[in-house]
Amino acid sequence: MARLLRNRTIYRYGVCAWLLACCWLLFLPATASAHALLLRANPPLGAVLKDAPTQVRLWFSEDLNPAFTTAYVVDVNKYTTQSLNDASLHVDKGDAHVAADDAKEIDLSLQTHLPPAVYLVFYRAESSVDGHLQTDSFFFTIERPDGTVPAFTGSLPVPPVEADPSLSALEGSSAPATLFNVLITTLIEIALVFWLGAQLWSIFVFELTETENPQLRTLFQEIQQHFEQRLSLPLLWTLLLAHIGILVDQALVIVNGSAQSFSFSLLSGQLLHGQFGLYWMIREGILILALIVGYSLIDYKKIPLTILSVLRWINLLAGIGLLAAMTLSGHAAAVDNDLFLSSVLSDGLHILAAALWVGGMFYLAAIVLPVLNGRTLQERTWALLSTLPHYSPLAIVGVIIMATSGTSNASLRLPAWSELFTTTYGYILLCKIVLVGGLLLTSALHVFWLRPRLKKTYHLYADLATGTHTTPLFPDLFAALLPPLAFLEEQLQRQCSRLVRILRWEPLLGLAVLLCTALLNVFSGTLQPVDTSQVMTESARQLQVAGKKWEGQIATSDGLFTLLLTVSPDHQGPNEFTVRILRQPGTAQNTIKSMVISTTLPAMDMGTTTINLQPGEHATFSAIESFSMVGRWRVQVAIYTADNHIHTASILLPVP
């Protein structure tokens, strides 16, 4: 392997391969998934039933962890927070379970002969892929024998995170778990980026530099020993303990921040059920292996070169394996099978790009520069001028991948450009853009300005100091024109110090970029209003005032009703849905009792959102609902009439 790395042709092919990966990333299909989302249910969301059902079945977008997935049904008129924890008030039989033949399905039996009422189905679904929890509710109605529909006032209640009496959890707050998750995930990302960046330097920078300058081998061994003794083991222990913190954080969410999050049964249930637990154990196993290698590398200079090369590669492969295990147990893996490969590779490339660029800067500033500080000016300058050109191609590839994937993610999440200046997510994104711009500016400064000047000064100084400069035809005149050696040394010292100062402070910008990335994942929810039935964002209002909307006629599948559907402003984010009845049968049996709109994104598992339209003047019904992302959404209008029939009309609506 060492011989292959010394081959410059292989090195060029490697860089070209990375650039091709960047181009491939540009054409990745958009993916988005955060939790196990409810796709459909039987009875359907908002259904009005003539006969009482005997079972509730729920289908989700991801495989479920049966240990912490549950559902239960209560009468809306008896709903209280206490009724959720009191199994005697449930109208189900308490047998909610993940179906044996479908890991994405929950089945729940109901008591027989349920009376006419509005019933709330509460569910808690934990993804077996990434361990994240989704808790929500929907309703269905059993009508009276005379055909009238029981009503309820107010909005549907949202269940607390802990509502399963089988866990007997104390009431708590989930806010600490959210803050804890931000801290732990950010710590893991920074530690992994730094440690993996060091492994990439060890193989792809030092190996190639030694090929051209064998005299630097002793210096590089001293630098790597400094890393192994000072930072490698603390970083690996940080990753090991932080992954334990991730497991505890998942438990905190399940039990709403109570002390039972540390119980053995809860933690073991997360590990032994589902994909998340499997990949969590793989992560810890890889970190234990890396720790064993790390302890064996403490006496770096005493290890034979052949064994040393093998240990370096084991470390690099361990870092890539850890990155793969994290990706396969994260959001990227929670997608449809046809998008799985693209999603996982995209997420993995983004973190690897951060290791190439930001991790490399960390290693340069925290390890390489302190060791070089104890060397002479000429040795320090020569080492920098020899190694930095081999690091630059890796950094450039990292910049391209990070910029591409970051732009793609931002374009998916931002409803409008004005959200950059009106939401927390937008403010953080602006900060990240400024920081990345600062990184690019400083990198361009020392690549295209400082390093060429330093290289020119160094070669002139070295030639004069050793007397190896070329003697012209008029040596006396040439010697008079040359600057004094002391002046060149002072200039070399000043230029080298300026370059080192930039390289030392540059990683702080990279650290700030990683922090912004973590905060963007947390505050992406600020793009959605708290209550979409009453609130519209300022950008949506501006578009509505400008008259931008979608309007068209649709007919129900039975041909009895013709509707005029208006969606304003027909844009990602909050929209006002208005339905006006253009034609309907003039009989009492076809009197409209209620109207419901459901929105679904067929190309992606984003769940189904259902909302009741409120009646207005001139046979119109309206409500406000949000499109969570761009795409072709299926909008279905369901009309419930007095003759116990449901009349539906649907259309595919392009949402820009």
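A residue counts as buried here when its relative accessible area is under 20%. By that yardstick, 51% of the 656 residues of this protein are buried. Keep in mind that you're looking at a predicted model. It has 14 helices and 17 strands, and its surface comes to about 30,300 Å², with carbon and sulfur atoms supplying 61% of that. Among contacts with a separation of 6 or more, 72% are between residues 24 or more positions apart.

**Strands and the open sheet**

- Four strands make up an open sheet, in the order β2-β8-β7-β4, with mixed pairing.
- The edges belong to β2 (48-49) and β4 (70-75); each has a single partner strand, so one side of each has no neighbour in the sheet.
- Strands β7 (residues 117-126) and β8 (residues 133-142) run antiparallel and are joined by 10 bridges.
- If you want a spot to look at in that pairing, try Tyr119, whose bridge partner in β8 is Phe140.
- Leu38 sits in strand β1 (residues 38-42), and with a relative accessible area of 7% it's buried.
- Leu38 is 22 residues from Phe60 in sequence, yet their C-alpha atoms are 4.4 Å apart in space.

**Salt bridges**

- Side chains of opposite charge can pair when their charged atoms come close.
- The whole structure holds 6 salt bridges.
- One of them joins Glu105 to Arg57, with 2.8 Å between the closest N and O atoms.
- Glu105 is in strand β6 (residues 105-109) and Arg57 is in strand β3 (residues 55-60), so this pair ties together parts 48 residues apart in sequence.
- The two partners sit in unlike surroundings: Glu105 is buried at 4% relative accessibility, whereas Arg57 is partly exposed at 28%.
- Asp107 joins in too, as Arg57, Glu105 and Asp107 are linked in a network of salt bridges.
- Over in the helices, Arg312 and Glu207 meet in a salt bridge at 2.8 Å, N to O.
- That pair links distant parts of the chain, with Arg312 in helix α8 (residues 305-328) and Glu207 in helix α4 (residues 175-212), 105 residues apart.
- Both ends of it are tucked away: Arg312 counts as buried at 10% relative accessibility, and Glu207 counts as buried at 5%.
- Glu210 pairs with Arg217, and here the closest N and O atoms are 3.4 Å apart.
- In this bridge Glu210 is buried, with a relative accessible area of 7%, while Arg217 is partly exposed at 30%.

**Aromatic pairs**

- A pair of aromatic rings is described by the distance of the centres and the angle of the planes.
- There are 10 aromatic pairs in the structure.
- Phe60, the residue mentioned above with Leu38, forms an edge-to-face pair with Tyr123: 5.3 Å centre to centre, with 70° between the planes.
- Phe60 is in strand β3 and Tyr123 in strand β7, so the pair ties together parts that are 63 residues apart in sequence.
- Phe60 counts as buried at 2% relative accessibility, and Tyr123 does so at 4%.
- For Trp201 and Tyr391, the ring centres are 5.3 Å apart and the planes are at 35°, so that pair is tilted.
- It also links distant parts of the chain: Trp201 is in helix α4 and Tyr391 in helix α10 (residues 377-413), 190 residues apart.
- Trp201 is buried at 1% relative accessibility, and Tyr391 is buried at 8%.
- Trp201 and Tyr391 belong to one aromatic cluster, together with Phe206, Phe220, Phe227 and Tyr363.

**A nonpolar patch on the surface**

- Out on the surface, Trp237, Leu241, Ile244 and Tyr295 form a nonpolar patch, with about 410 Å² of accessible area together.
- Helix α5 (residues 217-254) gives the most to the patch, with 3 residues.
- Ile244 lies in helix α5 and, at 38% relative accessibility, counts as partly exposed.

How values were computed:
Residues numbered from 1 in each chain as written. Predicted model: local features only at pLDDT ≥ 70, side-chain atom pairs only at ≥ 80, totals over all residues. Heavy atoms only, no water. Patch = residues over 30% accessible without salt bridge, like charges linked within 9 Å, V, L, I, M, F, W, Y side chains within 5 Å. Areas by Shrake-Rupley, 256 points an atom, 1.4 Å probe, with all protein chains shown as cover. Salt bridge = Lys/Arg side-chain N within 4 Å of Asp/Glu carboxyl O. Helix = DSSP H or I, 4+ residues; strand = E, 2+ residues; numbered from the N terminus. Buried < 20%, exposed > 50% of the residue type's maximum accessible area, 1.4 Å probe, protein only. Contact = heavy atoms within 4.5 Å. Pairing = 2+ DSSP bridges. Phe/Tyr/Trp six-rings, centres within 6.5 Å; stacked < 30°, edge-to-face > 60°.
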